[in-house]
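Student: Could you take me through one helix pair in close detail? I'd like the geometry and then the residues that make the contact.

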Amino acid sequence: MEAFGTITGKLLGTIRGWIVIAFLIMSAITGALGLSAASSIRRTDELVSQTFDRSLMSINYARAAATDFAGMRTAEARRWMVTDPAARTVLDERLVGLQRLLAEDLEIAVERAQSERATRAAQAAEQAVAAWTEARARITDLGRDEAAYADLDRHAAVAEENFDLFINYTAGDGFIYRQQARAIVARETRFNLLGTLIAVLLSGTVAFCLARRIMNPLADASRAATRIAGGDLSGTMPAGGGDEVGTLLAAMGTMRDNIRHAMEKEVAQRISAEDQLADALETSREGIVVVDEAGRITLTNSQAEDYLGLSSGTLAPGSTIARLAEGHGGDSGTLAQALLSATDERSELRLADGRWLRISRSDTRTGGFIAVCSDITLLKIQEATLQSTNLRLDTALDNMSQGLCLFDSTGRLTVVNRRYCEIFGLASAQLPFGLTYHEVASLSAARCDYPEPAPDAFVRAQAETASGGTVDADFLHLGDGRVVAVSHKAVRGGGLVATYEDVTERREADARIAFMARHDVLTGLPNRAMFGERIEEAVAHLGAGSPFSVLCLDLDRFKEVNDTLGHPVGDALLRAVADRLRACVRDVDTVARLGGDEFAIILSETGRPQEAAVLARRIVEVVSAPYEIDGHRASVGVSIGVCFAPGDGTTCDKLLKNADVALYRAKADGRGTWRFFEAEMDISLQARRALELDLREALAREEFELHYQPIYDFRARRVGGFEALVRWRHPMRGLVPPGDFIAVAEEIGLIVPLGAWCLTTACTEAMRWPDGIKVAVNVSAVQFRDEVIVEAVRQALSASRLPPGRLELEITESVLLKDNLATLATLYALRRLGVRIAMDDFGTGYSSLSYLRSFPFDKIKIDQSFVRDITNKTDSGLIVRAVIGLGLSLGMRTTAEGIETEAQFERLRSEGCDEGQGYYFARPSPASEVPKAIERWSRGTGETGRAVA
Ligand code: C2E
Ligand code: MG
Ligand code: MG
């Protein structure tokens, strides 16, 4: 049902559907009419056949039977019927026919609703015939039974009568049938006429509806299509239904919209293109004038007027160029003329205001032309700048130290500078632009005769490099010995730049530098770096069973030679030592200078101590022999530390360190000797390192303290001052005397802050003492470096506010061993601060007297070694006397150190010594003991003093 509804819905929605429906309806009507007519005709036929076939036949039979029965009522008939067997047979046959007819009639009556009266008459006739037949059967002999004949006749009469009735009734029925047939025909005729009429009306209606449904919209569509074809896209499209015409109209509407949209788009694009062209023209920096074949301006922009110096609107479309040229003078006229005359090539004009214009003109296809004016002032300026830049570049190229060749992307020479020609001895005329790389290289190679590589091969190789565009660097070894570095670099955009640099000198310098990097410049010996490499090489050969030994050498007293005879002599001495060392060893051995007066030797394949000892002894002898240098006689000693590989180490660091440890021991053992490395040496060195470590932290931990020892003034007979002597109160080592750590403190530089601390502490302490009592502070030679001592003294004085005259600095001769001039300057700077300066331990150095001459010391402290023996029968007494006399004559006070006995005390006093110091008066003791010492050794007390325990 649903499917039927869907199909119907679809059919009703389309014209095709309507046509199908109309066809079905018409077919139904026509079919119904046909069927009805056929049925009526059949009925009529039946009625006619009943009327004519049945009724008339029945009548005929009935009439014949009635006649027969009427005839049989004669005597003749009776005899004939009885006697004649043939007649009897005919009669019997007739009777059978009659009975069958009557039976059929009855059937018809039942089937066809034959009228009841005819049926009844037929039944009565049948019964009468049956009765007659029975009666006739009973008659067998003529004339025998008249009654039987009479009965027979009666039955015959009844039969006849009923046959007549039957005939009459049947005739009546036939009439009725005919009448019925007529009525049916009349009814069918009407019915068919009506049906046909309805069918015609219906057809008309369908045709009308279809026309309405199809033709009107089609007409509308065709009108709309005509309008669209005529270009009218504005009108409204007739609305269609849901059918095919509706679809057609809708499609036409869409088509019309698309056409309109496309046209609008095209128009918009055209308008925008025109606008853009106009904008482009207006915003263009070029002035543009389009002229048609007749010389009329068709298109222009305001820049054109501006460039031509015309007022706005002068170049309106339609005006002619020729008139413009006539009508304007000055720049404008010239420009218009230029426009007219400009050929396809560009022409350039300079305006009165300095601007430059370029006018280029190109012909149009229609015979006109387009002139484009550009302001090229900036371009001109750039051109000029470029020219001057090029000039500068040329100058730079010609003056650069490198030769240069530039090849373009096709490999042709485009730039070559003067230096290139100089390097290769070529005239610039020999190198015209356009030569190939190969030609240039061949020319240079031929001229300079490169021995290596072969010129041809080289040129080929370079050409290949060049074509590959890679960066390359190579060296040309020219025939005359010069070396030229060549490098190639591909240029962006193709091409190649080749630079040539004469690196002969640089290579020599490089070689020198390389040599210097691995050799000592002064002696030409391998330096530490190269020595390290040699050790590594030797270590590498250890596996092959080649033990070796390493010797570390340190010259003794070299510093003195250097300081006394000067650096040039020191240098010459080092060279001489190097020569002697070289002479001592074999070619396979290595002698190196590690720095200063340190040397080292690798003795190859020397694994036994005896061999090394022999060489060490020889070295000590040879090096210690005196040297004659520039008229000076100098002598140095040498200490040697020896170690063996692989026993004492297999790395450069380890071997050098162990040889150094052995050297340290050699030096400690009195110098001028050699020592083999032993593990214990390392242990004692480790102990020293531990001391160093502790010392570095001692100052921060405030482990230092100052003890004070009184200095007795012989003449004033009282304590004139105290010497501050530092001590290190170590938590484990106890109270460490200065002799055990000052040297280490000097080595590690701690002496500078420690010395400053001593100065400040001593000055501050002295401020607590009675006026006039001085404080003496020992100063190390290290503190004299960089003049740090001056600043330290200044700060100590200002911090303590001690009058400078109460401070005495004790320096040893080692201070004066240093750079004399600088040391003296420092001493004078100290003197200017107002402090006093004493020479300590006088007489222990080997040129003490010369030092006395170099600086006016305030005091000489006679070393205790002289004082110790003063009372014995030695020269010490004489020396002390001499020193006291010296001090007297130089105006320097003298202080005797180390007075332990009264005899010494008395002797010194009698010799005229100014001051004395020693255990006889007091041992160095903490600051708290100072007042006691002052009191004990003041005038009148302790005069007969004994050594204070
Ligand atoms: P120095 O300046 O010659 O000091 C005198 C040394 O002789 C002191 O030894 C002192 O204790 C000792 N001494 C004094 N009287 C006698 C005596 O009658 N008999 C003997 N046998 N010795 C006596 P100390 O304190 O061990 O100092 C040794 C050296 O250490 C000093 O010799 C000085 O050169 C240095 N020193 C001490 N303190 C400092 C300091 O603060 N700075 C510097 N740079 N060196 C100092
Ligand atoms: Mg001293
Ligand atoms: Mg001394």
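Tutor: Sure, terms come before numbers here: helices (H or I, at least four residues) are DSSP runs, numbered from the N terminus, and axes are lines fitted to C-alpha atoms over the stretch in contact, with angles running from 0 to 180 degrees between N-to-C directions. Keep in mind that this is a predicted model, where local features need pLDDT of at least 70, side-chain atom pairs count only at pLDDT 80 or more, and totals for chains, interfaces and linings use all residues. Residues are numbered from 1 along each chain as its sequence is written, chains are lettered from A and ligands numbered from 1 in the order in which they are written, and side-chain values use heavy atoms, with hydrogens and water left out.

Now the pair: H23 spans residues 751-766 and H24 spans residues 788-800, and they pack at an angle of about 30° with their axes 8 Å apart. That angle makes H23 roughly parallel to H24 (the label is for angles under 35 degrees). The crossing of H23 and H24 is right-handed, as the near helix is turned clockwise from the far one by less than a right angle.

On the H23 side, the contact (heavy atoms within 4.5 Å) is made by Val752, Ala756, Leu759, Thr760, Cys763 and Thr764. H24 brings Val788, Ile789, Ala792, Val793, Ala796, Ala799 and Ser800 to it. Sorted by class, the contact of H23 with H24 has 10 nonpolar, 3 polar and no charged residues; here Ala, Val, Leu, Ile, Met, Phe, Trp, Tyr, Cys and Pro count as nonpolar, Asp, Glu, Lys and Arg as charged, and the others, Gly among them, as polar.

For another pair, H6 (residues 146-229) and H7 (residues 244-283) pack at about 15° with their axes 10 Å apart, and their crossing is left-handed.

Key: Helices (H or I, at least four residues) and strands (E, at least two) are DSSP runs, numbered from the N terminus. Angles under 35 degrees count as roughly parallel, over 145 as roughly antiparallel, 65 to 115 as roughly perpendicular and the rest as oblique.
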